[in-house]
Amino acid sequence: MEPTAAAPVVQTTVSDHIALVKISNPPVNALSTAVRQGLQQAFTELNQNADVHAIVVTGSGANFIAGADIREFGLPPQAPALPDVCNQIEASDKLVIAAIHGAALGGGLEIALSAHYRVAVETAKIGLPEVNLGLLPGAGGTQRAPRLAGAAAALDLMLSGRHAGAKEALRLGLIDHIATSDDIAAEGIAYARSLLADGAPIRRTGEQTAALDDRAAQQAAIDAARADVAKKKGLFSPAKIVDCVQAALDQPFAEGLATERELFTQCLNSPQRAGLVHVFFAEREVTKSPETQSAKPRPFQKVGVIGGGTMGAGIAVSLLDAGLSVTMIERDDAALALGQSRVAKVYDGAIAKGRLSEEGKAAILARFHGSTSYDALADADIVIEAVFEDMGVKKAVFAELDRVCKPGAVLATNTSYLDINEVANSVSRPQDVVGLHFFSPANIMKLLEIVVPAKVSADVVATGFALAKKLKKVPVRAGVCDGFIGNRILAVYRQAADYMMEDGASPFEIDAMVRAFGYPMGPYEMSDLAGGDIGWATRKRRAATRDPKARYVHIADKLCERGWFGQKTGQGWYVYEAGTRGGKPNPAVDPIIAEERAKAGVTPRTFTREELERRYVAAMVNEGAKVVAEGIALRPLDVDVTLVYGYGFPRYKGGPMKYADLVGLPQILADIEAFAKEDPLFWQPAPLLVKLVQEGKNFDSLNKA
Ligand code: T1G
């Protein structure tokens, strides 16, 4: 029974000496203040009820409990605190059983660990994923999990944030029994009855020690985890998790809880929690657009892919992995065979890594067809073109699609910058044309920009979002402009980097700054990885429309003119020796930079790392504000998700717009106004940024609008 407005979020029924405490707080039974108050009250009353011999805790809906209510973080704490509720449950003189189905995560698992026994359905998932939010299990999990499963297993769960199934949980000692049916309430009651019949003792987790008895082994596990955490720069909470487990080994339970509380509070107050919680909600918000709210997606199962190059093959693999039927179209048999071999190679790689069997590959490829005739697409529900980035070629492809595809087929282009309105206007059905901008490698990268041209119908856009969900990708709605959201902003902050390089910074110290900020690599390392010729082609394409008054740095072009495209040519900004991973700064780059500085009349200056970072970030945020103001992105959070999922922005900083809020928009604007004194054309403050600062607001205020 789902709660009505009047129904309490925690409902208790008692039958034949067994109390059933059911949490009903849709959608995932998060431990909101009301739920914590309800549990506290229920256990206070039940502990005083002599007729009650056992208490079973369970959740309504699809999950046990998804954890603390993440929406409450950063708000003034409300009593009772979750650790106190867990301690109250554990202290009960009645036998307490947690009956788990769906997810028991974070505080949800902590509630279960404070019970005396745990039963779960086979499909249940348990976990302590707080690390993904910049936190640590703050309601006893760091003390109780090691006491049941030992330090190594507890640390693995807490540091990975992964979910474990019921069988593994049983093996680890985190649950005691796997239910034989899915009626978890009945199973919980039956298990309670059997425990009472067997005279099972009240078993308080905080008093268990067996799993920690072999101190040397436990300490070795903790030391190994600490060493592993030290290697991974960036996140704040993992080291604190290790400290908590050390406390579980060294301190009495009550002291260990106090240590956990203190370290949890440090994590809660860290900017990383703010950034990670923001991304948690933002990656869910981006799935909601005006079109997904107003229209239903068209059904799809058969998808055509035009082009078997790197992108086309990657897209085909992504579609096949999602269980869809795929037909690849190429211009001739040789090209088709090459495209099909690219797809097969991905699955051969999975087999080599032991992730797929030959039978599995055969079953997948049974859904993969190829043809050199567009007629093979007559029954396709969606067609995605990934051919050469040339408007003439795209229009020729769409003319064929217009000729052969059934009415209602969604016609999508994977273009990364061409004008999709122009493509749509070239066919008889512009309402069916949408942009689906995948990122390479398309079967790995989760970001999918759904680009919305002027005439597209809402249900086609909704179909794009539904496809993203099917592919387990993160969709972001983007308006039509050069570069949509991500590439447009990338071009600007890369320009800022080039300016700093010409003004005196080396590309290598700029890359080092960007890595220190939290990116996996800097812009010049990225250019060498992707191929400098790609950016070169973009710059040449834009030359005709570039503002002649805009400062242009020729350094990158000089490298490309020498054929130094990066890893694929053995040198670019860095030199790549055969057999070595990573590159070394290319000594031939400095003279080129010096020559270009001289031509530009620049007297080189030094930059501190902070100066480099503030310019890089300011350029990114300023363009992000323009992208939002123009409606290219629906909200600032859409910019955040795009840059986190597609461009390596560190997740724990929340994305550029969230990060700007954390830094403070007045400082960002002041920086831009200061830089504008050197280059008023490039550093024009975004009107939206100016407006928000004037109104004392931040970007997040636009996320809720
Ligand atoms: N708090 C508040 N809202 C939550 C939530 C939570 N813990 N979990 C999910 N939601 C919302 C979500 O925003 C979405 O809202 C809706 O529920 C459905 O979510 C002290 C401090 C449980 C596996 O990190 O992993 O406990 O978009 O789309 O795909 O130690 O939600 O509908 O408005 O993800 O079925 C630790 C986070 C918290 C688990 C279900 N727990 N949640 O997946 O649905 S910190 C977590 C999930 C903590 C304690 C610490 C998943 C799910 P809307 P969904 P789903």
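This talk goes through a predicted model of one chain, from its overall dimensions to selected strands, helices and loops.

Good morning, colleagues. I shall begin with the chain as a whole. The chain contains 30 helices and 19 strands. Its radius of gyration is 29 Å, and the globule rule gives 27 Å for 705 residues; these values are close, so the chain is as compact as a globular protein of that length. Along the principal axes, the C-alpha atoms occupy a box of roughly 85 × 60 × 55 Å. Of the 705 residues, 55% are buried. As for the contacts, consider those between residues at least 6 apart in sequence: 73% of them join residues at least 24 apart.

Let me turn to strand E6, residues 117-120. Are the faces of this strand covered or open? Both are covered: Tyr117 and Val119 are buried on one side, and Arg118 and Ala120 are buried on the other. As background, side chains in a regular strand alternate between the two faces of the sheet.

Which strands pair with E6? One is strand E4, residues 95-100, which pairs with E6 in the parallel sense over 4 bridges. Within that pairing, Ile97 has Tyr117 of E6 as its bridge partner. Another is strand E9, residues 177-178, again parallel to E6, with 2 bridges. There, the bridge partner of Val119 is His177 in E9. Tyr117 and Val119, which lie on one side of E6 and are buried, thus also appear in these bridges, Tyr117 with Ile97 and Val119 with His177.

I move now to a second group of strands. Here 3 strands form an open sheet in the order E5-E7-E8, and the pairing is mixed. Strand E5, residues 103-105, and strand E8, residues 163-165, stand at the edges; each has a single partner strand, so one side of each is left without a neighbour in the sheet. On average, and with direction ignored, neighbouring strands of this sheet are turned by 25 degrees against each other. E5 and strand E7, residues 125-127, run parallel and are joined by 3 bridges. In this pair, Leu105 stands opposite Gly127 of E7. Helix H3, residues 107-114, packs on the sheet and touches E5 and E7; the direction of H3 makes about 90 degrees with that of E5.

Next, a pair of helices. How do helix H8, residues 215-231, and helix H9, residues 237-250, pack? Their axes are 9 Å apart, and the packing angle is about 170 degrees. Angles over 145 degrees count as roughly antiparallel, and H8 is therefore roughly antiparallel to H9. On the H8 side, the contact involves Arg215, Gln218, Gln219, Ile222, Ala225, Arg226 and Val229. The H9 side contributes Pro238, Ala239, Val242, Asp243, Val245, Gln246, Leu249 and Asp250. By character, the residues of this contact divide into 8 nonpolar, 3 polar and 4 charged.

I shall close with some individual residues, beginning with Thr33. This residue belongs to helix H1, residues 33-47. Is Thr33 buried or exposed? Its relative accessibility is 13%, and because buried means under 20%, Thr33 counts as buried. Leaving aside neighbours within four places in sequence, Thr33 is in contact with Glu72, Gln78 and Ala79.

Ala79 leads us to the backbone. The peptide bond from Ala79 to Pro80 is cis, with omega near -5 degrees. Pro80 is located in the loop between strand E3, residues 54-59, and helix H2, residues 82-91. Another cis peptide bond joins Ser440 and Pro441, where omega is about -5 degrees. Pro441 sits in the loop between strand E15, residues 433-438, and strand E16, residues 447-451.

Finally, which phi values are found at Asp16 and His17? Asp16 has phi near 50 degrees, a positive value in a residue other than glycine. His17, also a residue other than glycine, has a positive phi near 75 degrees. Asp16 lies in the loop between strand E1, residues 10-15, and strand E2, residues 18-23, and His17 is likewise in the loop between E1 and E2. With a relative accessibility of 29%, His17 counts as partly exposed.

That concludes the presentation. Thank you for your attention.

Key. Residues numbered from 1 in each chain as written. Predicted model: local features only at pLDDT ≥ 70, side-chain atom pairs only at ≥ 80, totals over all residues. Heavy atoms only, no water. Buried < 20%, exposed > 50% of the residue type's maximum accessible area, 1.4 Å probe, protein only. Pairing = 2+ DSSP bridges. Axes fitted to C-alpha atoms, helices over the stretch in contact; angles between N-to-C directions. Parallel < 35°, antiparallel > 145°, perpendicular 65-115°, else oblique. Contact = heavy atoms within 4.5 Å. Nonpolar A, V, L, I, M, F, W, Y, C, P; charged D, E, K, R; others polar. Rg over C-alpha atoms; globule rule 2.2 N^0.38 Å.
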